[in-house]
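Subject: Structure handover

Hello,

Here is the structure I promised to pass on. My notes on it follow below.

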Amino acid sequence: MGESDEKKVERAQIDDIEEIHKNAMLRGSTTYIDPATGFTVFTELAHLRRGKCCGSMCRHCPYGWENVKATGGGEGAAAAAPPRKEGKLRSGDATSARRLLAKLNADVPVANASSTASPLYVSSGVIKSRPNDEYAEEIASDIESCVPFMNNAEQKRDAKKAAGKGGRHGGKCTSKNVPYTRGGDNGSSQLFTGERRSKSDITFEAMGTVDELCCVAGTVHAEIMASTGDDDVMQCGELSDWLLDVMSRLFDVGSHIAKPPKLKDDGDSDSDDDEGTAGNQPKFESDGVGGGFDAAHIERLEEWIDVMTDELPELTSFILPTGGRASAQLHVARTVCRRAERRTVGLVEEGVCDPNVLRYLNRLSDFFFTAARWTNYCENREEIQYRRHFRGAKQRDAVRVSLRKESEN
């Protein structure tokens, strides 16, 4: 139904957004029409009924845009701070929102039999007639004074309960984001898709092992940084930077595993679709948000392996996982990487994980092995090989071998 001429004239006469908002609030309306754009705008009443900030930078948000996310600063740039405005209560503060709504509901206009008389209002159960401006100012004053209502036991108890909810809602002793949410206390956890599964699911087992591997790689990086001073920061070449890249890629792997695609049933497949893969297998695309894994990272690992191997003596036997602290930790990383690879095989076979992830983990274990030899070489340590001391010996044993030529020592 189109807008009446009377309403059009009335709207045309009001060019102040705040005035329009006040009048909409006085009518108990949750929306009004922006005269400049014709768009529907939510009033503060609508936001209070919602009870929390929706994160969309709404014009009349009473929560100070609390849940608006930070905006990206472009490639290589830091993310900009999230925008904020002056708020009247905290997002999720149900008690303050109820008090505000109770006040607004008590001060709404009622129908008047005479179209020429001033509108009638019900306030605290009493019908009365007052000018819009005067009444709106009083309501605004009441709204602003609503936030500090923390004097009674009920308000304090509700605030304490909300504060201890966890996650982005904060804890009992801080309003900052805390790592606990209690959502996993029942043995389940949530994927990036929103689906909840048991923590014993193979997906979480793979994610946890990749996370463990990332932490071991971080331990190696810390060992290298602690063992090298300003004078020999390049003792191990670019290995420390390579490890940082590896940890970043493992975060990519974890994000990808945590976002499994929904497989199509055989009956749902479109025979005319030439873009997809065979059967019900999804098409993975590297998009930076878990959609797939870029094969270029595998090639980069192979280049790093080649660079380190070229400096090392030819490997002709097994070696014991020892040497310097960094080297020993790299061998731990190698074995954890093999376990992460085994945990991922099932996901690839199910079609919910990019095969490039499996290839990367397979190559990464080779990288850790080579890096373990490389750090011993850079620190001028002996390599302890597992082989026969002499030809014909029945027992293999530990044999110490220098990784450097005599001219290099």
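One cut-off first: a residue is called buried under 20% relative accessible area, exposed over 50%, and partly exposed in between. Arginine 182 has a relative accessibility of 41%, so arginine 182 counts as partly exposed. Please keep in mind that this is a predicted model.

Backbone first. Arginine 182 is not a glycine, yet its phi is positive, near 70 degrees. The residue sits in the loop that runs between helix H6 (153–163) and strand E6 (188–190). Methionine 57 is another non-glycine residue with a positive phi, about 55 degrees. For context, most residues other than glycine have a negative phi. Methionine 57 belongs to the loop between helix H3 (44–50) and helix H4 (94–106). Its relative accessibility is 40%, so methionine 57 is partly exposed.

A further loop residue is glycine 292, found between helix H8 (239–257) and H9. With 11% relative accessibility, glycine 292 counts as buried. Its C-alpha atom is 9.3 Å from that of serine 255, and the two residues are 37 apart along the chain.

Now the helix packing. Two packed helices are described by the angle between their axes and the distance between the axes.

Start with H7 and H10. Helix H7 covers residues 202–227 and helix H10 covers residues 325–350; their axes are 9 Å apart, at an angle of about 160 degrees. Angles over 145 degrees count as roughly antiparallel, so H7 and H10 are roughly antiparallel to each other. The crossing of H7 past H10 is left-handed. In this contact, 15 residues are nonpolar, five are polar and seven are charged.

H10 also packs with H11. Here the angle is about 170 degrees and the axes are 8 Å apart. H10 and H11 are therefore roughly antiparallel as well. Their contact has 16 nonpolar residues, seven polar and four charged.

What about H9 and H11: at what angle do they pack? The angle is about 20 degrees, with 9 Å between the axes. That makes H9 roughly parallel to H11. H9 passes H11 in a left-handed crossing.

Next, the aromatics. A search of the whole structure gives six aromatic pairs. One of them joins tryptophan 304 and phenylalanine 367. The pair is tilted, with 55 degrees between the planes and 6.0 Å from centre to centre. Tryptophan 304 is in helix H9 (residues 296–311) and phenylalanine 367 is in helix H11 (residues 355–378), so the pair ties together parts 63 residues apart in sequence. Both tryptophan 304 and phenylalanine 367 are buried. Ring pairs also link these two with Trp242 and Phe368, giving a cluster of Trp242, Trp304, Phe367 and Phe368.

One more ring to look at is phenylalanine 42. Arginine 50 lies over its face, 5.7 Å from the ring centre.

If you open the model, I would start with H9 and H11. You can view their left-handed crossing together with the tilted pair of tryptophan 304 and phenylalanine 367. Then turn to the loops, for the positive phi of methionine 57 and of arginine 182.

Best wishes

Technical notes
Residues numbered from 1 in each chain as written. Predicted model: local features only at pLDDT ≥ 70, side-chain atom pairs only at ≥ 80, totals over all residues. Heavy atoms only, no water. Axes fitted to C-alpha atoms, helices over the stretch in contact; angles between N-to-C directions. Helix = DSSP H or I, 4+ residues; strand = E, 2+ residues; numbered from the N terminus. Parallel < 35°, antiparallel > 145°, perpendicular 65-115°, else oblique. Left-handed = near helix turned anticlockwise from the far one by under 90°. Nonpolar A, V, L, I, M, F, W, Y, C, P; charged D, E, K, R; others polar. Phe/Tyr/Trp six-rings, centres within 6.5 Å; stacked < 30°, edge-to-face > 60°. Buried < 20%, exposed > 50% of the residue type's maximum accessible area, 1.4 Å probe, protein only. Lys NZ or Arg CZ within 6 Å of the ring centre and 35° of its normal.
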